[in-house]
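Here is a walk through one protein chain, taken site by site. The annotated positions come before the backbone and the charged pairs.

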Amino acid sequence: MASRKKNLQGLVAATITPMTEHGEINLSVIGQYVDYLVEKQGVKNIFVNGTTGEGLSLSISERRRVAEEWVTKGRNKLDQVVIHVGALSLKESQELAKHAAEIGADGIAVIAPFFLKPQNKDDLTAFLKEVAAAAPALPFYYYHIPALTGVKIRAEELLDGIQEKIPTFQGLKFSDTDLLDFGQCVDQNRQRQFAFLFGVDEQLLSALVMGATGAVGSTYNYLGKKTNQMLEAYERKDFSSALNYQVLYSEIYQLCDQTRFWSVTDQSHHDSGVWDSNGPTPAPTSESLQGVY
Ligand SMILES: CC(=O)N[C@H](C=O)[C@@H](O)[C@H](O)[C@H](O)CO
Ligand SMILES: CC(=O)C(=O)O
């Protein structure tokens, strides 16, 4: 069984992967990055090697080293470190899951295989189950991001009966704008203590209404403090203040137009003195995530 740590809740920053100007992972700034998130942004949970961290553009060995460094530097400072271990190869995904358990991560997350894709819920569940089984003591999160994986199986359908197949299943990271699907996931699993982590930062307020228990996102790297204020406003039912915070995101969105969200995170870390330069990204592409959803 998964160790029943307290549920993952609140904000989770999807970390970017620092690189040197020569295209090597730059582990040396991760300690400062941890301190910055905790002290300046009030964010104590992280999601490593995901979309923002460009985990799928890193080699397996790089992913292992990055994960290890975050866990080591986050010890006694961060609440939870979740490692994304999804890969096209089941064996690689299992290797990363096992490694996450060995280094003492707090959970693993997996996206759907996105080239030769599972065609139905049973295929997808079978893949996830095999990965989860490689780390039987770690909480397991399914990372639903259909706009990027192309796997459109509804999360609500996937979650139906999932705990019988995957006993370590502990939650969903939902990166999609289909709030009907998200709301149904929450509603149909009220008896289970799953984490429902929303992943479209600019729509978080709407997802809170639908029952989100937390959020994972790239913008919490630099808007963590502000978003925590939005969560507090929501808690005290001050919806007009909460909305003001959410509206801020449309400005960020404009800033990100024609660029990559990584660049914005990188620039904010640069301005805050977390590092001098992030250098190139792992894959020499210029793809922008603007308009993914
Ligand atoms: C595709 C992508 O990167 N999604 C991130 C997490 O799921 C979000 O944090 C977005 O970066 C953010 O919501 C802006 O669209
Ligand atoms: C946002 C997020 O969760 C990711 O970058 O994977």
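A residue is called buried here when its relative accessible area is under 20%, exposed when it is over 50%, and partly exposed in between. The model is a predicted one.

By that cut-off T52 counts as buried, because its relative accessibility is 10%. T52 sits in the loop between β2 (45–48) and α2. Setting aside neighbours within four places in sequence, T52 is in contact with A14, T15, I16, S218 and W262.

T52 is also an annotated position: an unreviewed UniProt entry places the feature "binding site" at T52 and V216. These positions are spread over 165 residues of sequence but cluster in space, with a largest C-alpha distance of 10.5 Å. V216 belongs to strand β8 (residues 214–217). At 2% relative accessibility, V216 counts as buried. Residues up to four places away in sequence not counted, V216 touches V12, A14, F47, K173, L197, F198, G199 and D201. A14 thus appears in the contact list of T52 and in that of V216.

One of the contacts of V216 is K173, which leads to a second annotation. The unreviewed UniProt entry gives "active site" for Y143 and K173. The two span 31 residues in sequence, yet no two of their C-alpha atoms are more than 4.7 Å apart, so they gather at one spot.

Where in the fold do these two residues lie? Y143 is in strand β5 (residues 140–144), and K173 is in strand β6 (residues 169–174). Are they buried or exposed? Y143 has a relative accessible area of 4% and is therefore buried. K173 is buried as well, with a relative accessible area of 4%.

The surroundings of Y143 can be read from its contacts. Leaving out neighbours within four places in sequence, they are F47, T51, H84, V110, I111, A112, K173 and S175. With T51 there is also a polar contact between side chains, at 2.5 Å. For K173, not counting residues up to four places away in sequence, the contacts are F47, Y142, Y143, H144, L197, G199 and V216. F47 is listed for Y143, for K173 and for V216. L197 and G199 are listed for K173 and also for V216. Through K173, which touches both Y143 and V216, the contact lists of the two annotated features are linked.

The backbone deserves a look at two positions. N76 is not a glycine, yet its phi is positive, near 65 degrees. N76 is found in the loop between α2 (60–74) and β3 (80–84). With 80% relative accessibility, N76 counts as exposed. K237 likewise has a positive phi, of about 65 degrees, without being a glycine. The loop that holds K237 runs between α10 (224–235) and α11 (239–255). K237 counts as exposed because its relative accessibility is 62%.

The charged pairs come last. Side chains of opposite charge can pair when their charged atoms come close. How many salt bridges does the structure hold? There are eight.

R154 takes part in two of the pairs described here. With E156, the N to O distance is 2.7 Å. With D181, the N to O distance is 3.8 Å. The pair of D181 and R154 links distant parts of the chain: D181 is in helix α8 (residues 179–187), and R154 is in the loop between α5 (146–149) and α6 (155–159), 27 residues away. Accessibility varies within this group. R154 counts as partly exposed at 28% relative accessibility. E156 is buried, with a relative accessible area of 18%, and D181 is buried at 2%.

Another salt bridge joins the side chains of R190 and D187, at 3.2 Å from N to O. R190 counts as exposed, at 57% relative accessibility, whereas D187 is partly exposed, with a relative accessible area of 44%. As for shared partners, salt bridges join R154, E156 and D181 into one network.

Key:
Residues numbered from 1 in each chain as written. Chains lettered and ligands numbered in written order. Predicted model: local features only at pLDDT ≥ 70, side-chain atom pairs only at ≥ 80, totals over all residues. Heavy atoms only, no water. UniProt positions renumbered as here; feature names shortened; annotations may be inferred. Helix = DSSP H or I, 4+ residues; strand = E, 2+ residues; numbered from the N terminus. Buried < 20%, exposed > 50% of the residue type's maximum accessible area, 1.4 Å probe, protein only. Contact = heavy atoms within 4.5 Å. Polar contact = N/O pair within 3.5 Å; in protein donor to acceptor, adjacent residues only side chain to side chain. Salt bridge = Lys/Arg side-chain N within 4 Å of Asp/Glu carboxyl O.
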